[in-house]
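Me: I would like to go through the side-chain contacts and internal space of this model. Could we begin with how residues are classed?

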Amino acid sequence: MSTKSNSTQKEHIAKLKRAFAYNIFYKQGTTTRTASLNDCFLAVSHTLRDRMQHLFVNSVEALLDKDSKIVCYLSAEFLMGPHLHNNLVNLGLYDDFAQAAAESGLDLQELIDHEEEPGLGNGGLGRLAACYLDSLASLQIPAIGYGIRYEYGMFDQEIVGGWQKELSDRWLHPGNPWEIKKSDLSCDVGFGGYAEIYHGERGNRRSRWVPGRVVTGIPYDTPIPGFKVNNVNLLRLWSAESHCSFDFADFNTGDYYGAVEDKINAETITKVLYPNDEQFKGKQLRLEQQFFFVSCSLQDMIRIHLFSHDNLDNFFDCFQGQLNDTHPSVAIPELMRILMDVHFYDWDSAWEITTKTLCYTNHTLLPEAMEKWQIDLFGSLLPRHLEIIFEINSRFMDEVRLKYPGDNQRLSRMSIIDESGPRYIRMANMACIGSKAINGVAAMHTDLLRKHTLADFNAMYPGKIRNVTNGVTPRRWIAVSNPRLTSLITEAIGEKWLPNLDDLKKLEKMADDTAFQDAWLKVKEANKQDAAGNIKKHLDLLVDPRAMFDVQVKRIHEYKRQHLNILHIITLYNRIKANPDMEITPRLFVFGGKAAPSYFMAKRMIKLITSVAGVVNNDPDIAGRLNVFFVPNYNVKIGHSVYPMADLSEQISQAGMEASGTGNMKFSMNGALTIGTLDGANVEIREEVGAENFFLFGLTIEEVMELQSSKYNPRDYYQGDAELKTAIDLIASGHFSHGDQELFRPIVDSLLYDDQYTLFADYRAYVDCQDLVSKAFQDTKNWTRMSILNAVRMGKFSSDRSIIDYSRKIWDVKPFPVELKWQRLPEDGVLFAPRKAK
């Protein structure tokens with residue numbers, strides 16, 4: 001390195017150290033001697049945020065100078081994960097911050113580990129949104145992520161006595177250094193009241209909404225930096241506040257609750273992620289949440305547009321709204337209302353703008369996940385929107401009648417209004433009708449949408465349903481999660497692969513290279529050794545790092561079939577009990593995931609997993625050859641260590657149930673091999689990595705449908721397979737429940753008399769396939785070769801590729817590189833540009 005570059009580096013480190021101290025003194029109000037770990041984390045994070053704001057201001061200025069289409073990603077969830085490490089990687093500042101921290105007496109890794117994770121999502125939906133924001137910025141596509149700033153996110157999970165216990169997720173308690181409150185950009189959102197007809201200035205007949213109550217939406221902005229580019233995009237989350245937070249008149253008359261009632265009611269809207277909606281009040285709150293953030297977001301988009309345009313005629317040329325599942329689909333009637341009632345567009349013009357602005361991603365084939373709202377509930381909260389929905393539906397039904405005369409069944413299926421019983425609004429139907437494009441999230445999922453779930457809409461609008469297979473960002477899921485593997489790959493092929501994941505294919509020729517295999521194996525062994533140390537520390541369970549780490553981490557649900565995995569574990573347990581001296585491939589079975597608080601069977605499945613663990617881990621006949629471990633409170637942060645340690649990835653959902661999945665991609669990127677069904681993105685992963693490097697088992701979707709239509713009887717499989725019968729009988733006997741034969745009866749009876757997700761039909765194929773896995777794992781050289789090929793053939797599953805597909809197939813957007821105009825950083829003094837009149 002030259003003297004000049006050495007000098008520049010030293011100056012940069014010195015600036016960072018000064019910035020740390022500045023933020024300790026002036027933002028945290030303490031000294032370096034008395035600062036807590038949280039103070040130090042906040043000071044370092046604010047230092048990094050200041051540098052992102054520098055880039056963000058340049059990004060905004062560039063957009064003001066020259067229009068570019070902005071992607072607006074509307075999602076009820078954004079499971080971002082911890083920011084500090086990811087932002088350091090994207091900005092290329094990790095090494096500099098580590099050095100500056102060390103010279104300041106701080107441990108950067110300790111600060112990274114300290115960060116509280118924002119629990120603003122439930123699973124794949126929110127994590128996908130986060131990956132897409134990362135890729136949008138990295139590909140230099142202007143974008144805003146719009147969502148809700150939940151005060152309490154997804155619950156924290158504790159395992160007490162083997163049962164899931166839900167605790168409040170107080171993610172904001174330590175302070176959030178990444179967000180900036182923008183009170184001056186607040187939006188008013190109405191609820192209730194009534195719609196009325198009035199006559200305009202020219203005597204023309206118009207409609208308007210007179211809300212019964214109004215709440216205020218306050219935006220909180222978080223910068224989202226791209227990977228080693230100047231572009232910084234925005235995550236804008238809305239928090240609900242009352243118009244009048246305190247009523248002095250009520251207070252002075254002794255009505256102390258009445259004085260703050262409006263405040264409480266307003267703030268409840270953004271209090272918690274996904275309130276329990278079994279009761280009416282819970283359903284009402286979820287609808288309020290969805291409309292609240294959608295209305296705020298549309299108002300914000302229009303405000304930005306009118307800053308540089310005189311009208312909304314070309315709104316769809318400047319903004320592309322993507323509805324992440326049906327939660328934001330109320331955007332369709334809300335945008336129509338704003339255009340007609342506020343900006344006085346006629347119906348046809350408003351409809352053209354709406355349908356060219358919004359696009360819809362479908363994420364599920366599950367009927368219960370196809371969101372519906374009772375007409376009475378919807379009308380009581382959004383009366384004007386209900387009028388608009390009725391009109392949309394009436395006009396659409398006329399279109400269907402013209403194309404399919406006399407087909408009343410088709411009309412009934414395609415109607416937004418479900419009138420088969422109590423009347424409901426079908427939000428998925430509305431999203432299909434009111435969007436420019438519909439997309440599935442994996443090739444199989446999209447095919448099933450076209451042929452089954454949305455077949456009528458596919459026939460009505462050929463070509464409207466498109467496929468964009470999901471992806472995940474390699475910056476977080478390789479660079480942040482697996483620094484050892486990142487270093488190995490970079491040493492082999494250079495630094496350009498992280499924004500161009502297809503470059504990993506350059507490593508295919510090294511899959512048979514002994515030296516590279518050894519290095520690859522050392523990375524995996526080191527990651528497993530770290531995990532074994534953590535398990536010993538937190539569970540006092542001694543795990544052999546040389547064992548196969550067999551991992552299934554995902555939301556707990558019957559269709560994801562965690563209980564099929566457990567049946568295999570019990571089968572291995574029974575084999576050892578019958579022959580304690582048998583040779584067996586040692587395995588650590590790792591489970592993780594949360595069950596919805598009201599999902600009885602899923603919570604009982606967690607209890608079964610932990611109960612089996614309690615017996616297997618302590619049985620002297622097993623002698624440590626099998627261990628079972630349930631990871632409490634699984635989240636993004638824990639995922640950083642779970643994906644790199646895995647040898648085997650369990651993707652065993654019933655064929656046709658998983659839309660895509662993204663955990664399967666993260667595992668493969670980190671070199672885990674997959675055992676799985678032909679479901680979701682498994683199909684495409686198998687195509688990419690090679691059938692010989694994928695452990696396939698189970699019924700196909702066609703075979704599942706045929707079996708279920710032919711009066712599938714799970715007891716036939718139970719009676720016909722001795723190992724399956726022994727495993728089920730052992731659960732039923734109370735062996736894993738201290739003799740309590742009732743504890744797991746609901747699971748046993750569900751499988752014996754219903755088995756909705758065909759576990760018994762797939763059991764034998766699964767167990768036999770697992771025997772092949774055990775045999776393959778014993779050949780370390782070939783297993784390592786397969787591991788390498790799995791990872792280096794995963795280029796297709798980068799979220800960068802997904803965003804490029806969206807850009808070309810749906811959004812019609814192009815990269816907008818940002819050039820830096822302002823070079824000064826905060827410690828150099830603030831540089832103001834003169835304000836320009838609008």
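Reply: Certainly. Ala, Val, Leu, Ile, Met, Phe, Trp, Tyr, Cys and Pro count as nonpolar, Asp, Glu, Lys and Arg as charged, and the others, Gly among them, as polar. Please note that this is a predicted model.

Me: With those classes, what does the lining of the largest cavity have?

Reply: Its lining has five nonpolar, five polar and three charged residues. The space in this largest cavity is about 120 Å³.

Me: Which residues are the closest to its centre?

Reply: Of the 13 lining residues, Met80, Asn86, Asp134, Ile224 and Arg476 are the closest to the centre of the largest cavity.

Me: And which elements give two or more residues to that lining?

Reply: Those elements are helix H3 (84–91), helix H6 (124–138) and strand E9 (213–225).

Me: How many cavities of 30 Å³ or more are there?

Reply: The count comes to seven cavities of 30 Å³ or more.

Me: Turning to charges, how many salt bridges are there?

Reply: The count is 46 salt bridges.

Me: Which residue forms a salt bridge with arginine 236?

Reply: The partner of arginine 236 is aspartate 300, and the closest N and O atoms are 2.7 Å apart. Because arginine 236 lies in strand E10 (residues 232–242) and aspartate 300 in helix H9, the pair ties together parts that are 64 residues apart in sequence.

Me: Is aspartate 300 buried or exposed?

Reply: Aspartate 300 is buried, with a relative accessible area of 0%. Arginine 236 is buried too, its relative accessible area being 5%.

Me: What about glutamate 151 and lysine 271?

Reply: Their side chains meet in a salt bridge, with an N to O distance of 2.8 Å. This pair links distant parts of the chain, 120 residues apart: glutamate 151 is in the loop between strand E2 (143–148) and strand E3 (156–160), and lysine 271 is in the loop between helix H8 (256–268) and helix H9 (280–308).

Me: Why does glutamate 151 count as partly exposed?

Reply: Its relative accessibility is 31%, and partly exposed covers values between the 20% cut-off for buried and the 50% cut-off for exposed. Lysine 271 is also partly exposed, at 26%.

Me: Where do arginine 384 and glutamate 387 lie?

Reply: Both are in helix H14 (residues 383–403), three residues apart, which is about one turn of the helix. They form a salt bridge whose closest N and O atoms are 3.0 Å apart. Arginine 384 counts as buried at 8% relative accessibility, whereas glutamate 387 is partly exposed at 37%. Elsewhere, Arg575, Asp721, Glu723, Arg764, Asp768 and Asp771 are joined into one network by salt bridges that share partners.

Me: On to the rings: how many aromatic pairs are there?

Reply: There are 19 aromatic pairs. One of them is the edge-to-face pair of tyrosine 73 and tyrosine 132, at 6.0 Å centre to centre and 90° between the planes. Tyrosine 73 lies in strand E1 (residues 70–74) and tyrosine 132 in helix H6, so the pair ties together parts that are 59 residues apart in sequence. Both tyrosines are buried.

Me: Which residues form one aromatic cluster?

Reply: Tyr73, Tyr132, Tyr806 and Trp811 form it.

Me: Finally, where does the charged end of arginine 149 sit?

Reply: It sits over the ring of tyrosine 220, 3.7 Å from the ring's centre. Likewise, lysine 528 lies over the face of phenylalanine 549, at 4.8 Å from the ring centre.

Methods. Residues numbered from 1 in each chain as written. Predicted model: local features only at pLDDT ≥ 70, side-chain atom pairs only at ≥ 80, totals over all residues. Heavy atoms only, no water. Salt bridge = Lys/Arg side-chain N within 4 Å of Asp/Glu carboxyl O. Helix = DSSP H or I, 4+ residues; strand = E, 2+ residues; numbered from the N terminus. Buried < 20%, exposed > 50% of the residue type's maximum accessible area, 1.4 Å probe, protein only. 1 Å grid on protein atoms, 1.4 Å probe; cavity = no way out; pocket = protein on both sides within 12 Å on 5 of 7 lines; lining within 4 Å. Points joined across faces, edges and corners; volume = space filled by probe spheres on them. Phe/Tyr/Trp six-rings, centres within 6.5 Å; stacked < 30°, edge-to-face > 60°. Lys NZ or Arg CZ within 6 Å of the ring centre and 35° of its normal.
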